[in-house]
Structure formats: C-alpha cells, structure tokens
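Colleague: Could you take me through some helix packing and backbone geometry here?

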Amino acid sequence: MPSHRVAFGQMPWWAWALPGAAMALLAAKFGGLISADANWVLVLAAVLLGGCVFAAVHHAEIIALRVGEPFGSILLAIAVTVIEVALIISLMLSGSPGAEVFARDTVYSALMIVLNGVVGLCLVFGGARHHEQTFQVKGAASLLGVLATLAVLALVLPNYTRTTAGPLYAPSQLVFVGVVSLCLYGVFLFVQTVRHREYFLSAEDGVNDEGGHHEVPALTSTQQSGVLLLVALVAVVLLAKSLSYPLERGIVSAGLPQAFVGVVIAAMVLLPEGMAAVAAARVNRLQTSLNLALGSGLASIGLTIPAVAALSVLLQQRLVLGLQQSEMVLLILTLFISSLTLATGRTTVLQGAVHLVIFGVFLFLSAVP
C-alpha cells in the first residue's frame with residue numbers, strides 16, 4: 001500500500017499501467033487474438049489480477065483520504081468486498097465440484113485472517129514500537145458486536161436448523177439471513193457515519209504521533225482515481241472468472257484441501273488493506289488500523305452473504321454455509337479472544353502474539369485438516 005507521504009499529483013505508474021494492461025489482455029482474449037488456456041496467458045493474468053487488487057485499493061485509499069474518516073475505512077472495506085464477491089461468484093458459477101462451499105470457506109478465511117492475522121500483526125508491530133497503544137472501546141466494541149452476530153448467523157447457525165438436513169439454510173431462511181445481514185450492516189454504517197461518528201475517530205484524527213499530517217489529495221487526483229478504481233474492479237471481476245478453474249486445479253494438484261481455495265482468495269484480497277492497517281499501527285494510529293481490519297471483516301459478511309444468498313436463490317444453487325466442528329471452535333475462540341483484546345482500550349504485544357498463534361493454528365489446519 002503506498003505511503004500517505006507520496007505526492008498525490010504524481011500517481012505511481014503501476015496504479016494506471018496495471019489496470020490498463022489487464023484490460024488489454026482481456027480484450028486480446030475475448031477478441032480471439034490469444035489462447036485463453038496458454039500457460040503464459042494464465043501466469044500473466046494471475047500477475048495482473050494481483051496487481052489490479054493493489055491498484056484498486058490504492059485508488060480507493062486516495063478517495064478515502066479525500067472524504068476523511070470514518071468514510072475512508074468504509075470505502076476501502078467496500079472496495080475490497082466487491083473484489084471478494086466477484087471472486088466468490090466466479091468460482092460458484094464455474095460449476096466445478098465443491099462450488100457450493102466456496103462462499104463459506106472464503107468468508108471464514110477472511111474473518112480468521114482479519115481478526116487474527118491482521119489484528120495480530122498490528123498489535124505486535126505497534127506494541128513493539130510504542131509499547132502500549134490506545135483506541136476507543138465504544139467503536140471497537142460496536143464493530144466486534146455486529147461482526148460476531150453476523151458471523152454466528154451466517155456460519156454457525158445453519159448447522160443447527162431443522163428445516164433442511166446438513167449445514168445449509170432452506171431458501172426462505174437464506175433469504176431472511178441475507179436481508180437481516182444487509183440491514184444490520186446498514187444500521188452499523190448509519191451509526192458509524194452519522195449518529196455516533198466520534199466513536200470511530202482517533203483522538204488525533206489526521207495527525208500521527210510523529211507529527212506527520214495525512215496529505216489530502218487534489219480533486220483532479222481523486223477524480224482520476226475514481227475512474228481507475230472502476231477500471232481495476234472490472235478487470236478483477238473478468239480476470240477472476242478466467243482464472244477460477246486453474247486456481248482450483250493448482251491447489252488440488254499441490255495436495256492441499258479444496259477448502260484452501262478460500263484461504264488463497266481471502267489472503268489475496270485482504271493483503272493490500274492488511275498492509276495499510278499494519279502501517280497505520282506502526283505510526284501509532286491503532287484506531288485507524290482497527291477500523292480497517294474489523295471493518296473489512298464486517299463488510300465481508302454483511303455484503304458477501306446477501307450477495308451469494310441472492311445468487312443461490314435465483315439460480316436454485318446449493319449453498320453450504322455451516323462450518324465444520326474444528327472451524328466453529330476456532331471461530332468462537334477468535335471472537336472470545338477478540339472481545340478480551342478490545343475490552344480495555346489498551347493493547348500490547350502480548351495480545352498480538354495470542355492472535356497470531358490462533359492464526360497459525362488456522363493456517364495449519366487449513367492445510368492439514
């Protein structure tokens with residue numbers, strides 16, 4: 001993620017070149033000029049997909065800095081979630097075996113990466129540099145409360161309903177949970193941006209502990225980023241569709257469980273925003289880090305579940321959401337530890353180490369279930 005100290009009038013070359021190259025590759029593919037199954041095309045498409053993810057979040061960050069907090073964190077979370085939804089839907093529509101569990105695996109992986117990996121790194125790097133960091137308990141508790149509710153409704157409750165057998169909702173239940181998730185996310189956004197916006201602002205909003213101010217981008221730069229953000233998102237959606245089957249085939253051929261596809265998707269999508277959260281923690285802006293991390297996790301459920309639920313109902317496609325027992329244990333442990341971490345408004349490297357241990361267990365069990 002680019003530094004905020006970069007002059008916004010000088011856009012990095014990769015921020016416009018990578019989306020442009022991706023669209024050129026897609027035009028050549030759809031125009032029949034190149035073979036879509038050629039190895040070099042697949043490798044180039046994968047590289048450009050990752051590059052477009054970084055470019056999209058970069059442009060979203062520029063727009064976010066223009067509109068200010070907490071709108072900036074919300075915009076970043078929504079941009080990342082759009083990419084995540086595009087990847088999930090592409091895999092669901094691929095028709096490959098196990099397509100019904102892609103949404104569950106990706107959302108679960110996103111939660112574990114955000115709540116343990118990203119938060120753990122933020123607390124470790126921030127605590128190592130500043131010893132003890134502070135944040136607003138009211139804002140963090142609000143984020144975690146909504147996130148925990150949606151996580152249990154989407155990923156745990158399906159295992160215990162009786163209308164249908166197995167870890168999935170009946171169509172009516174799926175519609176209800178999708179609508180409830182979207183409504184609760186909307187209420188949270190209202191609270192975060194209007195009713196109690198002050199809960200999500202740091203005490204020194206706009207200034208870090210080293211006295212550096214976040215430069216506000218010019219209007220022209222913001223408009224350019226708005227156009228390039230749309231281009232990058234379109235490129236991500238189309239590239240994801242073309243790479244869905246090769247990605248799954250590569251993971252299976254590597255001897256990893258099919259569920260590891262969700263880990264790869266979530267990690268790739270959350271990497272740029274995770275880097276931004278860690279960078280903010282290093283300059284003692286833990287409130288911004290938590291807004292980014294928890295906000296992306298919340299958007300991952302609040303927007304992804306309604307989208308895939310609607311797709312499942314419209315196409316009458318089976319959608320498995322309930323987690324397996326070991327995954328439920330890790331999710332409940334993560335939510336419990338997160339509640340302890342965010343209870344006092346102060347953090348040290350110890351809390352970060354605990355989260356990273358849980359993250360390590362998650363990665364190991366994803367590869368060796």
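Colleague: In which handedness of crossing does α4 pass α11?

Modeller: This is a predicted model, in which local features need pLDDT of at least 70 and side-chain atom pairs count only at pLDDT 80 or more, while totals for chains, interfaces and linings use all residues. Residues are numbered from 1 along each chain as its sequence is written, and side-chain values use heavy atoms, with hydrogens and water left out. A crossing is left-handed if the near helix is turned anticlockwise from the far one by less than a right angle, and right-handed if clockwise; by that rule α4 passes α11 in a crossing that is left-handed.

Colleague: Along α5, where do the buried residues lie?

Modeller: The buried residues of α5 (under 20% relative accessible area, with exposed over 50% and partly exposed in between, for a 1.4 Å probe and protein chains only) include Gly139, Leu143, Leu147 and Leu150. Seen down the axis, and taking the directions from the helix axis to the C-beta atoms, the buried residues of α5 fall within an arc of 165°, so they line one face of the helix.

Colleague: Which loop residue between α10 and α11 has a positive phi although it is not a glycine?

Modeller: Most residues other than glycine have a negative phi. The loop between α10 and α11 holds Gln316, which is exposed at a relative accessible area of 76%. A positive phi of about 55° is found, although it is not a glycine, in Gln316.

Note on methods:
Helix = DSSP H or I, 4+ residues; strand = E, 2+ residues; numbered from the N terminus.
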